[in-house]
Each structure stands twice: as structure tokens, then as C-alpha cells.
Amino acid sequence: MHNFEMYTPTKIVFGKNTEQRVGELVKSFGGTRVLIVYGGGSVIRSGLLNRIEDRLAEEGLVYQEFGGVHPNPLMSHAQQGAVQAAAFQADFILAVGGGSSIDEAKAIAHGAANPETTIEAIWTKKFQVKKSLPIGVVLTIAAAGSETSDASVLTNERTGVKQGINIEFNRPKFAIMNPELTYTLPKYQLACGIVDIMMHTLDRYFTSVEGNLLTDSIAEAVLRTTIENGRKAYHNQTDYDCMSEIMWCGSVSQNGLTGLGGKREFAVHKLGLGLSADYDIAHGATLSAMWGSWADYVVMANSSRFAQYARNVWGVEEADDMKAARAGIDRTVAYFRDLKMPVSIPETELPRGKGKLGVLSAEEIERLADEATQNGAIRVSTFYPLGKEDMAAIYRAANE
């Protein structure tokens, strides 16, 4: 086992009706004035927002709402939230929703605690965060794992760049996780979440560092559990046992446990970020669209690693490593197809002009490769270091 550090301080409150404890939990972490951050109208239509506000009021807590979080959260909207939080003198930020609401809540917490700067300055690392407001989460979508992670991702509309920061201030104080709150998700969102959970695990699993047997085994178990229960839940979203397994896998996939002793790789996430930022495609869809082309491009670098994945996750029995590796890639892509997820860029319903669908132009591919590698200045990943031309080649393969 290689050296590692682990810090996962988030209190998990898991199970049916646990959202009823939200007021008690906010109060236990010192909250008195709460900004509630959420996305669209689903939390209103379902009555969840009202139930949460009632529980806050019962504990004598004052609150304000800040809705309208975009599925790919926007930096400008987060800045508006930070201004509102500061004016309200909020001392606690409560996210109600999935990864987008949670990520934006994290940014709002940093911005409100540091009004002398901007969220853009924080995200571009021109300002170092040394204090923030505490964050709590009521999770409604199993996907990004932001409820337990040190990560937050925003899209800067001014520059067109979607990027994240990893700092300990991003760790929520608590996460309320009631699988029943996911029952009404559209199937597409459920499938996007399943892909995201798998990819958070796979992007840590395919690393240049080997020999972390327990970490590998945990990652493989998360993948097997997500695949099995994701397939069942896709056909029956009110299966509590399946949805609870998926929700917990989402947290474990992103809290650091599945990558201990390895390195942060996230090559496929890097490929997907440009697509979601530039074309407003759902995050999970960009990952399923890119993974197969990435895997085909890098499999020769370490076929034994792909073979291990194929055998331990998919049950492939082929003795030859390269044949096993190819089988594992094929089964992963087929699984995405079973969930009606795109496995190429055109299948993402890439917007083209007046509602037409199509493929990326050569110029667009060049721009995306530039963005991913900072105009060729960096190489992505250590599993197979990807320069600008490599990234462009993967985009071209996924573009067919």
C-alpha cells in the first residue's frame, strides 16, 4: 500500500425520513441564519422545500431561499448567491438537490465568507480560501458525490471554462441521504448519475500507481454494486434497496476512499468538461460519450489493468489480457447503451444551429484539445499521459 492521507469529516444521516432532522443538524453545527440553495422547481413541487423550511422554523432558525441553480452551475449565479448570503448575514449554507446545487452552495459559502474577493478569483486560485461558511446537504440525486467530497465545479461563462477546485473547506458538515427523495427523478437524470458514480471510481482506478489491493477491491465493489443496482433501478426507481445502494455508492465513489494510495487522474472527466461547458450537455452524458474512445486509445499502455477490471468487475474469464481488456471495455460501453446513455459525441444530441444534431468540426476539436491541455502546456493523466494531439485524437474517435 502506498502513502496516502484521508480526511472525510462529513456526518452522514442515511435513511427514510431523515430530512426531518435538518433543523436539528443545522443547529448542531452552529447555524442560525440559513441560505437554502436549490435548483429548479422539483423541490418545490414535491413539497420537500416546505418540509425543510418547517423543520428549520421549528428549531428557531431564520432562512432565505436562493433557487435557480443551473445543471452545470454557473459562476455568475454563485456570485449572486454569495452577495445575497452576505447581505442576509447567513452563517450556514444548506444545499437541497444534487451535485450542481451542492457545488454552487460550496462556492457561495466561500464567497460570502470572503466578500473582499470574487468567486472567479477563488476558482482561478488568485485568492486562497482560509475561511468559509459551514455547508449542509439534503441530497436528492445520487451522482456526483459532492455531498462528501472536497471538490466543487463551476462553469465560468466569461471564459467558457468549466473547472473545479479541491479544498478541505468544500467538505459539508453533514449530508442527509434519504433514497426515497430520488424516486421522481427523470430516467435520464438517474442514468447520468449512475454513469457519474462509475466514472468517479474508474477515473481513480485507472492510475499509474499499482499495489493498493484493498483500495482496488473497494473500487471494484463500488462498480459491481452500482452496475447491478443501476440496471434494476433503471426499470424500477421506487425499489428502495436498489436506490439506497446507488446513493451510498455515489458518496463512497467521491469521498476519496476508492483512490487511496493512488493519484488523481480524471482524464475522462477532463475530456467531458469541455463538452458540458461549451455545449451545455449533461455531465454524465459527456462521460459515457467519451469513456469508450478514451479506453480504446490508452488500453495498450496497461492492458493488464484493464484485464483486472474486466475480470473483477464484469466477470470476464478470458485468459489473454488484451482480449479480456477489450471485453471489459465492450461490456462497459454496452451497459451505457442499456441505460440509453450516449456512447459518442453525436449521440449526446450536440446542438447544431437551429436544433440540428451533428458532429464537432475540426476547429471545435482543436479548441477543446487546447482547453483540456492549456494550449498544449500540460499533459493529462499519468496512466497514459495525454498531450494536446492525444486529446484531439480521442475527441475525433468519439466524434464518429
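Let me start inside a helix, with Trp-294, which is buried, its relative accessible area being 3%. I should say at once that what we are looking at is a predicted model, and everything that follows was computed from it.

Trp-294 has a companion in Trp-291, and both of them sit in helix H11, which covers residues 283–298, with a spacing of three residues, or about one turn of the helix. Trp-291 is buried as well, and its relative accessible area comes to 0%.

How do these two side chains face one another? A pair of aromatic rings is described by the distance of the centres and the angle of the planes. By the count used here there are 16 aromatic pairs in the model. For Trp-291 and Trp-294 the ring centres are 6.2 Å apart and the planes meet at 50°, so this pair is classed as tilted. Tyr-205 and Phe-206 give us another of the pairs, and here the centres are 5.3 Å apart with the planes at 85°, which is why the pair is called edge-to-face, the cut-off for that class being over 60 degrees. Tyr-205 and Phe-206 are both buried.

These two pairs belong together, since Tyr-205, Phe-206, Trp-291 and Trp-294 are members of one aromatic cluster, which also takes in Phe-306, Tyr-309 and Phe-383.

Let me turn to the empty space inside the model. How many cavities of 30 Å³ or more are there? The count is one, and the space in the largest cavity is about 60 Å³. Its lining draws on several stretches of the chain, and among the residues there are Arg-204, Thr-207, Val-209, Asn-212, Thr-215 and Asp-216, together with Thr-258, Gly-259, Leu-260, Gly-262 and Arg-305. By class, the lining of the largest cavity divides into two nonpolar, six polar and three charged residues.

Now the cysteines, where one may ask how many disulfides the model contains. The count is zero. For Cys-192, the closest cysteine sulfur is that of Cys-249, and because the two sulfurs are 17 Å apart, they are too far from each other for a bond. Cys-242 is likewise in no disulfide, and its nearest cysteine sulfur, again in Cys-249, is 11 Å away. As for their surroundings, Cys-192 has a relative accessibility of 10% and therefore counts as buried, the limit being under 20%, and Cys-242, at 4%, counts as buried too.

I would like to close with two places elsewhere in the chain. Thr-10 is found in the segment that comes before strand E1, the strand of residues 11–14. Is Thr-10 buried or exposed? At 11% relative accessibility, Thr-10 counts as buried. What does Thr-10 touch, once residues up to four places away in sequence are set aside? The contacts are with Glu-147 and Thr-148, and with the run Arg-171, Pro-172, Lys-173, Phe-174 and Ala-175. In the case of Arg-171, the C-alpha atoms are 6.6 Å apart, although 161 residues separate it from Thr-10 in sequence.

The other place is Ala-86, in helix H4, which runs over residues 75–88. Ala-86 has a relative accessible area of 35%, so it is partly exposed, falling between the limits of 20% and 50%. Its C-alpha atom is 9.3 Å from that of Ile-108, a residue 22 positions away along the chain.

Note on methods. Residues numbered from 1 in each chain as written. Predicted model: local features only at pLDDT ≥ 70, side-chain atom pairs only at ≥ 80, totals over all residues. Heavy atoms only, no water. Disulfide = S-S within 2.5 Å. Buried < 20%, exposed > 50% of the residue type's maximum accessible area, 1.4 Å probe, protein only. 1 Å grid on protein atoms, 1.4 Å probe; cavity = no way out; pocket = protein on both sides within 12 Å on 5 of 7 lines; lining within 4 Å. Points joined across faces, edges and corners; volume = space filled by probe spheres on them. Nonpolar A, V, L, I, M, F, W, Y, C, P; charged D, E, K, R; others polar. Helix = DSSP H or I, 4+ residues; strand = E, 2+ residues; numbered from the N terminus. Contact = heavy atoms within 4.5 Å. Phe/Tyr/Trp six-rings, centres within 6.5 Å; stacked < 30°, edge-to-face > 60°.
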